[in-house]
Amino acid sequence: MTTQPSSDGSLTDDTHLGRVALRVGSLDRVVPFYRDVVGLAVERERDGSRAVLSAGEIPVVVLDEDSDAPERGRREAGLFHLAVRVPDRGALGDVLSRARTRAIEAGATLSGASDHLVSEALYFRDPEGNGVEVYYDRPREEWPWTDDRRVSMDTLALDLGSLADDAAGEDRAPDGTDLGHVHLEVTNVSRSRDFYVDALGMRVRDEGYPSASFVAAGEYHHHVGLNSWNTRSAPAGEGRGIEWFEVVVPDAATLDAVRESLADGGHGFDDGGFDGDESGDGDAAGATGSLVVTDPDGIQIRVVHGG
């Protein structure tokens, strides 16, 4: 079924994120955290230099090894955290249980735990310092909505005892686990917000945090977080950290609408596949059309649809 793009050019709730790719210095160092703590399955590709991390049939994170890649510069824009979304509280409790017994051995740290009203979340640093959130969403009818249908998020303490009690007892991330959002450190929040809203077609969902904006397709709480909390002043470079992420739209008509919006805004983009990808892994699973564009800080976004 084809979903008609909304009249104001905004992406609809049928849009979601696909995969996120990180450039890492060592797969052997990083993979155990995503496998043993987050619970994702691992498949090696490209003669062992790429790891695709999945839950069931859904690829979530791609790790590309480059042993020569420098650490991300202190002033460079890039990843604040990627966010793996699990389907229920029991699965999040399982992540906590695995973290308590395996995180240190995997070279990772549990850096925080928060109740955001729309979700509950655990926060980690992977072995190379990338921020990783694992969370589950509360039902939408429980979210705090504003009069204009935005959401009101907060950062409250999470009861880890209660979460541990609700653990389902599984050793792997369940089916339905996916990439819920990415949160980026940007050089200028207003400029980045305008790109993701006016050019890409998302909507502002919450701006209640200082120096931050949260945007999404449709009425989701956020697919992309933007902040300037650490005063990044240079575009993303070629060091370790985020390479690209995917926005998956429902059909060719929506992809055409994004293409037209980007062109109207004067943003250059490339159609088709992506340089450097092997056959079969250049797009999200089942994708039949795509374009690639970079945001104002040089972070690559791959917009794909599955037909």
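**Notebook: Asp 271 first, then outward**

I began with a side-chain pair: Asp 271 and Arg 259 make a polar contact of 2.9 Å. For me a polar contact is a pair of N or O atoms within 3.5 Å; within protein, one must be able to donate a hydrogen and the other to accept it, and residues adjacent in sequence count only if both atoms are side-chain atoms.

Ground rules before going on. This is a predicted model, where local features need pLDDT of at least 70 and side-chain atom pairs count only at pLDDT 80 or more, while totals for chains, interfaces and linings use all residues. Residues are numbered from 1 along each chain as its sequence is written, and side-chain values use heavy atoms, with hydrogens and water left out.

**Entry: Asp 271**

I placed Asp 271 in strand β15 (residues 270-271). Helices (H or I, at least four residues) and strands (E, at least two) are DSSP runs, numbered from the N terminus. Asp 271 is partly exposed, with 46% relative accessibility. My cut-offs are buried under 20% relative accessible area, exposed over 50%, and partly exposed in between (1.4 Å probe, protein chains only). Leaving out residues up to four places away in sequence, I found Asp 271 touching Arg 259, Ser 290 and Leu 291; contact means heavy atoms within 4.5 Å. I also checked Val 303, which is 32 residues along the chain from Asp 271, and got 9.5 Å between the C-alpha atoms.

**Entry: the whole chain**

I counted five helices and 17 strands in the protein chain. The radius of gyration is 18 Å, close to the 19 Å from the globule rule for 307 residues, so the chain is as compact as a globular protein of that length. That radius is taken over C-alpha atoms, and the rule is 2.2 Å times the number of residues to the power 0.38. The C-alpha atoms fit a box of roughly 50 × 50 × 40 Å along the principal axes. Of the 307 residues, 52% are buried. For contacts between residues at least 6 apart in sequence, 69% join residues at least 24 apart.

**Entry: the cores**

I looked next at the nonpolar cores, meaning sets of buried Ala, Val, Leu, Ile, Met, Phe, Trp, Tyr and Cys residues joined through side-chain atoms within 4.5 Å. The largest has 66 residues, and Tyr 34, Leu 63, Leu 82, Leu 184, Tyr 196 and Phe 245 have the most contacts inside it. Helix α1 (residues 27-38) gives this core its largest share, seven residues. Another core of 13 residues lies apart from it, with Val 118, Tyr 123, Val 151 and Ala 216 among its members. I followed Leu 63 as well: beyond four places in sequence, its contacts include Leu 22, Val 24, Val 30, Tyr 34 and Leu 53.

**Entry: α1 and Glu 65**

I found nine of the 12 residues of α1 buried, so the helix is largely enclosed by the rest of the structure. Val 30, Phe 33, Tyr 34 and Asp 36 are among those buried. Its 12 residues reach 15 Å from first C-alpha to last, close to the 16 Å expected; that expectation is 1.5 Å times one less than the number of residues. At its start, a side-chain oxygen of Ser 26 comes within 3.5 Å of the backbone nitrogen of Asp 28. Just after the helix, Gly 39 has a positive phi of about 95°.

Glu 65 sits in strand β4 (residues 58-65) and is partly exposed at 34%. A polar atom of the Glu 65 side chain is 2.9 Å from the backbone nitrogen of Leu 27. Ser 26, Leu 27 and Asp 28 are among the residues Glu 65 touches.

**Entry: α2**

I got 10 buried residues of 14 in α2, so this helix too is largely enclosed by the rest of the structure. Those buried residues pack against α1, β6 (109-115), β7 (119-125), β8 (131-137) and α3. Asp 88 caps the N-terminal end, with a side-chain oxygen 3.3 Å from the backbone nitrogen of Gly 90.

**Entry: Thr 177**

My last stop was Thr 177, in the loop between α3 (160-165) and β10 (178-185). Thr 177 is buried, at 0% relative accessible area. A polar atom of its side chain lies 2.8 Å from the backbone oxygen of Pro 174. Past four places in sequence, Thr 177 contacts residues including Leu 40, Ile 58, Val 84 and Arg 85.
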